[in-house]
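Here is a short set of exercises to work through with the model open beside you. Try each task before you read its solution.

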Amino acid sequence: MAGVCTPVAVVTAMDGARPHGTTVSAFASLSMTPPMVLVCLERGSELLRIIRESEQFGMNILGSAHSDLATTFARKGLDKFDSVDWDLRSGVPKLVGTSGWLACVVSQLVDGGDHVIAFGRVKEATAADIQPLTYHKRKFGTHAPLESVR
């Protein structure tokens, strides 16, 4: 699957007063009516446990300048938010300056191999005109439009 280009996001949730988050590339838009997304999380992850309990999560869609954020949230540890600007919005952490953000309520959790697919109904969203961060062949990049063909 390394040959498949994917967008990069940080999924977030609150464990009481403590924010948690992890980098993902397995997420997608699911439905417009109602607005829904899906994200795949490792079955044994601490973030999945928190999402099960809180029944909500945030999707912070990263921009092309956010490869450091993606790397920070891809590692283990409780200090990921220490040097990151974020706000609490609609009950979930919103990273400052991302290209998009969604606050979601869990509508369903479905087992999928060693992962769980979380279906989220969008309750709030923001977007900015920022080039997306992508992941392809184990490297970060961004989208570049093709020249028009005549």
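Which residue of S12 does His 136 stand opposite? His 136 stands opposite Lys 139 in S12.

Some ground rules before we go on. This is a predicted model, in which local features need pLDDT of at least 70 and side-chain atom pairs count only at pLDDT 80 or more, while totals for chains, interfaces and linings use all residues. Residues are numbered from 1 along each chain as its sequence is written, and side-chain values use heavy atoms, with hydrogens and water left out.

**Exercise 1. Place the pair His 136 and Lys 139 in its sheet.**

Step 1. Take the strands as DSSP runs (E, at least two residues; helices are H or I, at least four), numbered from the N terminus. Two strands pair if DSSP finds at least two bridges between them.

Step 2. S11 and S12 run antiparallel and are joined by three bridges.

Step 3. The sheet is open and has three strands in the order S1-S11-S12, with antiparallel pairing. Its edge strands are S1 (6–7) and S12, each of which pairs on one side only.

Step 4. Now look at the loop between S11 (134–136) and S12 (139–141), where Arg 138 lies. Arg 138 is not a glycine, yet its phi is positive, near 65 degrees. Its relative accessibility is 62%, so Arg 138 counts as exposed (over 50%; buried is under 20%, and partly exposed is in between, with a 1.4 Å probe and protein chains only).

**Exercise 2. Find the cis peptide bond and describe the strands around it.**

Step 1. The bond from Thr 33 to Pro 34 is cis, and its omega is near -5 degrees.

Step 2. Pro 34 sits in the loop between S4 (27–31) and S5 (36–42). A hairpin of four residues joins these strands, S4 to S5.

Step 3. S4 and S5 pair in the antiparallel sense over four bridges, and Ala 28 stands opposite Leu 38 in S5.

**Exercise 3. Find a positive phi in the loop between S7 and S8.**

Step 1. The loop runs between S7 (86–89) and S8 (92–95), and Ser 90 lies in it.

Step 2. Phi of Ser 90 is near 55 degrees, a positive value in a residue other than glycine. With 29% relative accessibility, Ser 90 is partly exposed.

**Exercise 4. Describe the linings of the two largest pockets.**

Step 1. Use a 1 Å grid over the protein atoms alone: a pocket is an open set of points where a 1.4 Å probe fits, with protein on both sides within 12 Å along at least five of seven lines, and lining residues have an atom within 4 Å of a point. Its volume is the space filled by probe spheres set on the points.

Step 2. The largest pocket has a volume of about 520 Å³. Its lining has 23 residues, and Gly 21, Thr 22, Ser 45, Lys 76 and Lys 80 lie nearest the centre.

Step 3. S3 (18–24), S5, H1 (46–54) and H2 (67–74) each supply at least two residues of that lining. S3 gives the most, with six residues.

Step 4. The second largest pocket holds about 350 Å³ of space. It is lined by 15 residues, and those closest to its centre are Met 1, Val 4, Thr 6, Ser 25 and Tyr 135. S3, H2 and S11 each supply at least two residues here.

**Exercise 5. Check the cysteines for disulfides.**

Step 1. A disulfide is a pair of cysteine sulfur atoms within 2.5 Å. A search of the whole structure finds zero.

Step 2. Cys 40 is in no disulfide, and the nearest cysteine sulfur, that of Cys 104, is 14 Å away.

Step 3. Compare their surroundings: Cys 40 is partly exposed at 22% relative accessible area, whereas Cys 104 is buried at 0%.

**Exercise 6. Classify two aromatic pairs.**

Step 1. Rings of Phe, Tyr and Trp (its six-membered ring) pair if their centres lie within 6.5 Å; planes under 30 degrees apart are stacked, over 60 edge-to-face, and the rest tilted. The count comes to three aromatic pairs.

Step 2. Phe 81 and Trp 86 have ring centres 5.4 Å apart and planes at 70 degrees, so this pair is edge-to-face. Phe 81 is buried at 7% relative accessibility, and Trp 86 is partly exposed at 27%.

Step 3. Tyr 135 and Phe 140 make a tilted pair, with 5.2 Å centre to centre and 55 degrees between the planes.

Step 4. Phe 73, Phe 81 and Trp 86 form one aromatic cluster.
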